[in-house]
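Student: I have a model open in the viewer and would like to talk it through with someone. Shall we take it piece by piece?

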Amino acid sequence: MFPRYFAWGAGTSAYQIEGGWQADGKGPSIWDAFCHRAGVTFGDGDVSCNSYELWEKDLECIQQLGLTHYRLSLSWARLLPDGTTQHINQKGVQYYNKVINDLLACNVSPMVTLYHFDLPQALQAQGGWKSPEIVKLFDSYAKFCFQTFGNRVKLWLTINEPYVCAKFGYEDGIHAPGLKEPGISAYLVAHNMLRAHAMAWHSYDSFYRAKQKGKVSLAINSDWLEPSLSGCSEDIDACERLLAFTLGWFAWPVFKTGDYPEIMRSAIDDQSKKLGYNGSSRLPSFFKDEPPVLGTADFFALNYYTSRKVKPGRGSDVMSMKSDRGVEEVLDPSWPISGPPWLAVAPHGLRNLLKYIKDTFNNPAVYITENGFAQVGPLLMEDAERSGFYKNTIMEVAKAIQEDGVDVGGYFAWSLLDNFEWADGYSVRFGLFHVNFEDAKLSRTIYQSGREYAKIILKHK
Ligand code: GAL
């Protein structure tokens, strides 16, 4: 049912699990700064699951599930406290060396994300992702990681969810660095992220690929979208527009044309005109003399959580991404809500999205690098709903492979452990293992869904 070398994985990210926020010479990241700012009420990742000290407990969880792959991220500021290769924190290098070596010793392949939301604060102080300088700084960091860990890591992701970094961090201000600069900065930040990703991919391609033989991509998140009223042409257009502003924003440049989707650019430029904004396009352009962004992914890495119905939105005279998109999203009442209100459970959407990716981007190999279901209290250790969710979703992936011919290389559940769920703090739990944050030992206990996922893996691997 699943190909022989299918990757059965689970994921985490550095800030969400490691803790040790200033241990052994680590520099602060924008998430440290954001969470420590007065008025932020959702807690912080200062300790979290303390995986910096309790990594071996995580490894036991990984083995208990029988994973073939584990997705983790590196903390840039743990390796390079001021963000540059001028200062290397050897303790950070040792930590990730141990993690990678332990995984390999247990026959688990690491998939490593270089950037999962946690920019070194020192670089934020120099303009962060809004500054064009970041592109080279990211490339140096990436090269340092390829050089240091690439003899053992064969699957790399440069940036996790540039959409979320840009929109939540710079448009809505609900993620670090917490800026609310609607209609402008998110486009710039996303642009620099794409340029940084492309430069790092080219570096890998030129200097490391021949010897290390790995693969590099970036993780793109997208909902599946359906017209609110099926067959209604305005709703179909709205769907297409929103898809251009989410998946297309990153997938078009990397997988299709080397540039942003035309509908995205015209929607933004039309809106600028309407609002009397006279500057140059708010959506930047790629320079011809830079290494091309087209073709800079060796596989398609998809993070999928949920689906939406879409219809045209009411016009607005405020400059924002919302008014640029001009759509309204609605939930289908037949899709049950998992923990947080945004997470409507719609496993069928994953199959549709996989088929869409196959058809639109010329049948790339796809890894589902995140997919999951959350609980918000009261927490159930016998979490039958989440068990059912994983079973149904994995069935949809099987159908995408068998019936639609999608080349799916792996599936990574989010997440191995309950952890710091960004602006939702510890109240939203995605783990296959429960973490007792009240207990000094931060004990990990498998949920029913973890046991069920282990059975699915055992049956198929
Ligand atoms: C993604 C993110 C993960 C995790 C997940 C669940 O956007 O990459 O870090 O938090 O959402 O909300």
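What follows is a friendly exchange of questions and answers about this predicted model.

Student: Let's begin with the central sheet. In which order do the 8 strands close into a barrel?

Tutor: The pairing in this barrel is parallel. On average, neighbouring strands are turned by 25° against each other, with direction ignored. Going round, the order is β1-β2-β3-β4-β5-β7-β10-β12.

Student: Which residue of β5 is the bridge partner of L157?

Tutor: Strand β4 (residues 155–160) and strand β5 (residues 215–221) run parallel and are joined by 4 bridges. Within β5, L157 has as its bridge partner S217.

Student: Helix α13 packs on the sheet too, so to speak; what angle does its direction make with that of β7?

Tutor: Helix α13 covers residues 347–360. On the sheet, α13 touches β7 (300–303), β10 and β12. The angle between the directions of α13 and β7 is about 155°.

Student: And which strands does α15 touch where it packs on the sheet?

Tutor: The direction of α15 makes about 160° with that of β1. The strands that α15 touches there are β1 and β12.

Student: Staying with α15, how far does the helix reach from its first C-alpha to its last?

Tutor: Helix α15 (residues 448–460) has 13 residues. At 1.5 Å a residue, 18 Å is expected, and the helix comes close to that. Its reach is 19 Å.

Student: What covers the buried residues of α15?

Tutor: The residues in question are Q448, S449, G450, Y453, A454, I456, I457 and H460, which are buried. Their cover includes β1 (7–11), α3 (51–65), α14 (384–402), β12 (408–414) and β15 (444–446).

Student: Now a residue in a strand: is T369 buried or exposed?

Tutor: T369 sits in strand β10 (residues 366–370). Leaving aside neighbours within four places in sequence, T369 is in contact with R71, M111, L157, A219, A301, L302, N303 and F412. Because its relative accessibility is 0%, T369 counts as buried.

Student: At roughly what angle do the axes of α9 and α10 cross?

Tutor: Two packed helices are described by the angle between their axes and the distance between the axes. Here the axes of helix α9 (residues 185–212) and helix α10 (residues 233–256) come within 11 Å. The crossing of α9 past α10 is right-handed, and the angle is roughly 35°.

Student: How many nonpolar residues does the contact of α9 with α10 have?

Tutor: From α9 come A186, Y187, A190, L194 and H197, while α10 supplies F245, W249, F250, P253 and V254. By class, there are no charged residues and 1 polar one, and the nonpolar residues number 9.

Student: Where is P177, the residue whose peptide bond from A176 is cis?

Tutor: The bond from A176 to P177 has omega near 10°. P177 lies in the loop between α8 (162–171) and α9.

Student: What is omega for the cis peptide bond from W414 to S415?

Tutor: S415 belongs to the loop between β12 and β13 (428–429). The bond leading to S415 from W414 is cis, with omega near 20°.

Student: One more: N107 has a positive phi although it is not a glycine; is N107 buried or exposed?

Tutor: Phi of N107 is about 70°, and the residue is placed in the loop between α5 (90–105) and β3 (109–115). The cut-off for this class is over 50% relative accessible area. N107 has 68%, so the residue is exposed.

Notes
Residues are numbered from 1 along each chain as its sequence is written. This is a predicted model: local features need pLDDT of at least 70, side-chain atom pairs count only at pLDDT 80 or more; totals for chains, interfaces and linings use all residues. Side-chain values use heavy atoms; hydrogens and water are left out. Axes are lines fitted to C-alpha atoms, for helices over the stretch in contact, and angles run from 0 to 180 degrees between N-to-C directions. Helices (H or I, at least four residues) and strands (E, at least two) are DSSP runs, numbered from the N terminus. A crossing is left-handed if the near helix is turned anticlockwise from the far one by less than a right angle, and right-handed if clockwise. Contact means heavy atoms within 4.5 Å. Ala, Val, Leu, Ile, Met, Phe, Trp, Tyr, Cys and Pro count as nonpolar, Asp, Glu, Lys and Arg as charged, and the others, Gly among them, as polar. The expected span of a helix is 1.5 Å times one less than its number of residues. Buried means under 20% relative accessible area, exposed over 50%, partly exposed in between (1.4 Å probe, protein chains only). Two strands pair if DSSP finds at least two bridges between them.
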